[in-house]
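Open the model in your viewer and keep the selection panel at hand. The stops below say what to select and what is there.

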Amino acid sequence: MISLPTILEEPMPAEKNNADKLASLVSGATGIRRDEPLAKRTTLRVGGPADIYVEPASEVDLAAVLIFCAGRGLNFFVLGRGSNLLVRDGGFRGVVICLAHAAFSGIEMVGERMNCGAGAKLKNVAVEAKRHGLAGLEFLEGIPGSVGGALRMNAGAMSGATFDVVESVRLMDFAGHVFELTPEKMAIEYRCCATLKNHIALGAVLKGRPDAREAIEQRMNDYSQKRWAAQPAKPSAGCAFKNPAGHSAGRLIDELGLKGTRVGGAVVSAEHGNFIVNDGTATARDVLQLMEILKQRVKAERGIELHTEVEIIGEDSCTTKKQRNPD
Ligand code: EPU
């Protein structure tokens with residue numbers, strides 16, 4: 001039996017202390033959880049928990065979270081819909097911020113423009129655009145992400161990329177200041193917006209062009225069919241690697257006969273060589289080892305360096321909290 005004095009003498013875990021303090025600094029509408037499993041918040045479905053997970057209910061609360069993290073020297077990470085993310089098995093030490101609250105998920109039509117919150121789902125953006133006869137955003141239909149994640153990654157599909165349709169972005173710097181930038185003022189490249197490495201996207205104005213709804217629908221259906229025919233349905237983080245200039249990473253991996261290569265529960269998809277799928281038993285370590293094998297084989301046999309497209313966060317399981325903090 002544990003005596004009461006023993007309990008009272010136990011130090012409060014740092015993250016409980018931090019979570020309680022953070023809760024006192026934000027509105028009651030902001031959700032805060034400790035030890036939140038992240039695997040279920042990624043499409044790859046691997047990885048450990050976040051010490052603290054926050055869904056701010058307003059820009060004011062988001063700014064308070066950022067200032068709190070800076071004051072306490074806590075790492076933070078902004079999570080979208082987890083579709084391009086690998087969380088290591090030991091989880092994330094610090095605060096994971098997710099703009100999933102309704103306050104960040106709106107989609108408002110203003111003529112040929114759409115005012116979208118960072119938390120809005122890309123599929124919903126594409127469907128709303130179609131409903132209002134706005135073309136040019138069809139390619140967003142099959143990307144399983146949020147507007148914020150798509151901006152950060154300059155995500156793309158079917159020859160379209162997010163920043164092709166962005167008119168302006170509303171951002172917050174890590175000190176909590178809010179401002180707007182047009183794409184010309186931002187550092188944008190293939191599958192990356194470097195400006196959003198040290199700013200958080202709050203939302204964006206996207207621009208389309210008028211077209212018949214039937215034509216838009218037809219294109220969306222074509223894209224969807226193309227994707228289902230070429231990409232796996234099993235859990236994955238999308239393309240594992242960026243396409244090297246002039247090459248398709250998927251085709252390179254395929255040509256080297258590496259489809260089906262397996263480490264534990266992580267397998268190179270039979271449908272597309274650039275997808276690593278989770279058979280339901282994979283760990284982050286399996287996926288990382290498999291990525292390393294693919295990189296080495298492509299380098300050794302084709303002399304081409306593959307660069308990871310998937311964002312990787314967190315710690316290996318050998319440094320999980322239990323081991324660092326046996327109490
Ligand atoms: N190919 C093969 N074998 C494979 C995979 C592809 O021969 O296993 C060939 C295809 O037949 C095609 C060429 O390689 O001739 C290119 O393949 P695909 O059209 O699938 O395009 P990708 O370059 O592999 C890119 C994006 C995808 C996006 C598709 C469709 C990157 C890294 N990937 O893939 O985006 O869905 O185009 O537009 O830019 C993602 O970024 O996560 C992603 C899935």
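Start at the ligand and select serine 248: a polar atom of its side chain is 3.3 Å from a ligand oxygen atom. That is a polar contact (a pair of N or O atoms within 3.5 Å; within protein, one must be able to donate a hydrogen and the other to accept it, and residues adjacent in sequence count only if both atoms are side-chain atoms). On its own the ligand has 810 Å² of accessible area, of which the protein covers 71%. Accessible areas come from the Shrake-Rupley method with a 1.4 Å probe, and for residues only the protein chains shown count as cover.

Before going further, note that this is a predicted model, in which local features need pLDDT of at least 70 and side-chain atom pairs count only at pLDDT 80 or more, while totals for chains, interfaces and linings use all residues. Residues are numbered from 1 along each chain as its sequence is written, and side-chain values use heavy atoms, with hydrogens and water left out.

**Around the ligand**

Add glutamine 231 to the selection; a polar atom of its side chain is 2.9 Å from an oxygen atom of the ligand. Then add tyrosine 190, where an N or O atom of the side chain is 2.7 Å from a ligand oxygen.

Now select the whole shell, 20 residues, with Met158, Tyr190, Cys239, Asn243 and Glu309 as the closest. A residue is near the ligand if one of its heavy atoms lies within 4 Å of it. What kinds of residue make up this shell? There are 6 nonpolar, 9 polar and 5 charged residues. Here Ala, Val, Leu, Ile, Met, Phe, Trp, Tyr, Cys and Pro count as nonpolar, Asp, Glu, Lys and Arg as charged, and the others, Gly among them, as polar.

Colour by secondary structure next. Helices (H or I, at least four residues) and strands (E, at least two) are DSSP runs, numbered from the N terminus. Strand E9 (156–157), strand E17 (236–239) and helix H7 (249–255) each give the shell at least two residues. H7 provides the largest share, 3 residues.

**Beside the shell**

Select methionine 158, in the loop between E9 and strand E10 (160–161). Its phi is near 50°, a positive value in a residue other than glycine. Most residues other than glycine have a negative phi. Methionine 158 counts as partly exposed because its relative accessible area is 23%; buried means under 20%, exposed over 50%, and partly exposed in between (1.4 Å probe, protein chains only).

Go to asparagine 154, in the loop between H5 and E9. Asparagine 154 also has a positive phi, near 45°. Is asparagine 154 buried or exposed? It is buried, because its relative accessible area is 6%.

Then select arginine 191, in the loop between strand E13 (188–189) and strand E14 (192–193). At 17% relative accessibility, arginine 191 is buried. A polar atom of the arginine 191 side chain is 3.1 Å from the backbone oxygen of glycine 156. Leaving out residues up to four places away in sequence, arginine 191 touches Met153, Asn154, Ala155, Gly156, Ala157, Lys242 and Glu309; contact means heavy atoms within 4.5 Å.

**Domains**

Colour the chain by domain 1 (12–101), domain 2 (105–213) and domain 3 (232–313). These bounds come from an automatic or database domain assignment. The C-alpha centres of domain 1 and domain 2 are 23 Å apart. Their contact takes 14 residues from domain 1 and 18 from domain 2. Domain 2 and domain 3 each supply at least three residues to the ligand shell.

**Helix H4 and its neighbours**

Select helix H4 (residues 122–131), where Leu122, Val125, Ala126, Glu128, Ala129 and Lys130 are buried. The elements these buried residues pack against include strand E6 (107–110), helix H5 (147–153) and helix H6 (213–230). Just after H4, select glycine 133, which has a positive phi of about 65°.

On the other side of the helix in sequence, glycine 119 sits in the loop between E7 and H4. Glycine 119 is buried, at 18% relative accessibility. Its C-alpha is 6.1 Å from that of valine 147, although 28 residues separate them along the chain.

**Last stop**

Finish at alanine 29, in the loop between helix H2 (14–25) and strand E1 (31–37). Alanine 29 is partly exposed, at 48% relative accessibility. Beyond four places in sequence, alanine 29 touches Ala57 and His101.
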